[in-house]
Amino acid sequence: MTWADSFRTAYEAILARRMRSVLTMLGILIGIAAVMLTVGLGQGAQERVASAINALGSNLLIVTPGSTTSSSGFRGGQGSATTLTVGDADMLADPAIAPDVAAVAPASASNQALAAGSQTWTSSVVGTTPSWLTVRARTVTNGRFFTDADLASGNPVAVLGSTTAGELLTGNPIGQSVTVNSAQFTVIGVLDTQGTSSSTNLDDQVVVPMTTYSSRISTSTNPEAVSQIYLQAKDQKSLSAAYQEVTSALSTSHGVTAANADFTLSSQQSLVETATNTEHVLTVLLAGIAAISLLVGGIGVMNIMLVSVTERVREIGLRKALGATPAVILRQFLLEAGLLGLTGGVLGLAVGYAGAAVLPNLISQPVTISALSAVGALVVSLAIGLVAGVYPAQRAARLAPIDALRSE
């Protein structure tokens with residue numbers, strides 16, 4: 001028998017027992033589809049996390065106030081202290097102190113009620129400096145951002161996020177007025193669309209000059225206090241050095257040590273690593289659970305192939321009596337098991353792609369299936385079929401012709 005003959009015989013044997021073959025392939029189908037969707041969910045989650053973190057800004061470092069401890073020993077949470085000032089930001093912008101920091105933008109933010117004509121809206125109002133646009137990797141799609149002159153003069157100008165502009169204003173927003181905390185601001189620009197990051201809508205905000213925020217919006221008794229300082233490292237390789245420089249400069253300036261630091265410094269890199277590691281662990285765990293279905297499917301293939309060998313003992317004896325070698329018999333049953341596994345894998349791949357198209361609409365979670373994953377799924381399904389068919393095929397190949405012909 002040629003390879004083509006063996007393949008045709010295996011195909012006809014599968015068709016002759018359609019229902020049993022379908023039920024055998026079902027275990028592999030479910031296993032392949034489950035593994036593909038699980039890995040796809042993990043990859044989609046990693047891409048979403050990376051995209052969300054990248055939206056925060058390029059090579060970003062964020063300094064936030066630390067915690068406070070009262071005289072009675074009560075310790076407030078992170079951010080409860082007001083230890084950061086505009087002076088700290090100016091210090092960190094000095095190349096002699098932090099040479100690996102490319103740009104610095106102090107910021108203070110609060111939720112405020114906005115009004116424009118008869119329309120009202122509540123949004124986050126951010127007071128910052130012109131370098132905020134660079135540090136946060138944002139662009140202005142309509143109009144302009146405020147300048148150093150606006151900052152120095154405390155001009156009542158505002159740049160709106162796309163969501164805020166759409167909720168408050170109609171037509172071209174440039175030149176229109178928005179009331180924030182009973183103060184009128186002139187809209188001079190609209191930011192690009194960024195989406196959501198860490199459950200925060202980056203498109204729903206109003207950005208104004210820091211000086212204007214301090215004089216017209218802020219309720220703080222210290223006009224120099226800021227709630228955050230954003231810093232941009234020169235490049236990805238400089239991120240670690242910039243982290244050390246900022247930590248050292250602020251510790252020296254504030255007269256604190258790492259044990260009692262009154263500020264917290266977080267980096268984009270640490271956020272990426274933490275999120276990626278978490279997603280990776282969950283993906284491996286879920287993929288491991290889904291892989292059990294593949295094991296069950298492989299056991300099913302082995303079971304059916306053993307039944308098939310038992311049913312076809314006389315056929316095997318007749319083939320051997322007519323000159324078929326053990327290698328030919330082994331090849332025939334291995335091909336049959338491989339076809340069962342590969343067909344189940346192809347069907348599982350189809351189900352996986354269908355699930356990847358439907359699931360995001362149901363769970364609001366992207367599912368990314370790569371071409372490498374698809375090819376790997378087919379290889380794994382074929383391997384499962386072949387491995388599961390080895391023992392039944394060897395058993396068939398070892399049958400003595402006379403014993404096979406005597407069986408009923």
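The following paragraphs go through the aromatic pairs, a charge over a ring, and two buried residues of this predicted model.

The aromatic rings come first. A pair of aromatic rings is described by the distance of the centres and the angle of the planes. The structure holds two such pairs. In one of them, Trp132 and Phe145 are 6.0 Å apart from centre to centre, with 5° between the planes, and the pair is stacked. Trp132 belongs to helix α4, which covers residues 132-135, while Phe145 sits in the loop between β4 (140-143) and α5 (148-153), so this pair ties together parts that are 13 residues apart in sequence. Both rings belong to residues that count as buried: because the cut-off for buried is a relative accessible area under 20%, Trp132 at 2% falls in that class, and so does Phe145 at 9%.

Phe145 also pairs with Phe146. Here the centres are 4.4 Å apart and the planes form an angle of 25°, which again gives a stacked pair. Planes count as stacked when they are under 30 degrees apart, so the 25° between Phe145 and Phe146 meets that criterion. Phe146 is buried as well, with a relative accessible area of 2%. Through these ring pairs, Trp132, Phe145 and Phe146 are linked into a cluster.

A ring is involved in another way at Tyr230. Arg136 lies over the face of Tyr230, and the distance from the ring centre is 4.5 Å.

Phe146 leads on to Val208, since Phe146 is among the residues that Val208 touches. Val208 is located in strand β10, which spans residues 205-209. With a relative accessible area of 1%, Val208 is buried. Setting aside residues up to four places away in sequence, the contacts of Val208 include Val125, Val126, Gly127 and Thr128. Val157, Ala158 and Phe185 are also among them, as are Tyr213 and Ile217. A further relation concerns Pro156: Val208 and Pro156 are separated by 52 residues in sequence, yet their C-alpha atoms are 7.6 Å apart in space.

The last residue is Gln332, in helix α11, which runs over residues 326-363. Is Gln332 buried or exposed? Gln332 is buried, because its relative accessible area is 1% and the cut-off is 20%. Apart from neighbours within four places in sequence, Gln332 is in contact with Thr9 and Ala10, and also with Arg312, Glu315 and Arg319.

How values were computed: Residues are numbered from 1 along each chain as its sequence is written. This is a predicted model: local features need pLDDT of at least 70, side-chain atom pairs count only at pLDDT 80 or more; totals for chains, interfaces and linings use all residues. Side-chain values use heavy atoms; hydrogens and water are left out. Helices (H or I, at least four residues) and strands (E, at least two) are DSSP runs, numbered from the N terminus. Buried means under 20% relative accessible area, exposed over 50%, partly exposed in between (1.4 Å probe, protein chains only). Contact means heavy atoms within 4.5 Å. Rings of Phe, Tyr and Trp (its six-membered ring) pair if their centres lie within 6.5 Å; planes under 30 degrees apart count as stacked, over 60 as edge-to-face and the rest as tilted. A charge sits over a ring if NZ of Lys or CZ of Arg is within 6 Å of the ring centre and within 35 degrees of the ring normal.
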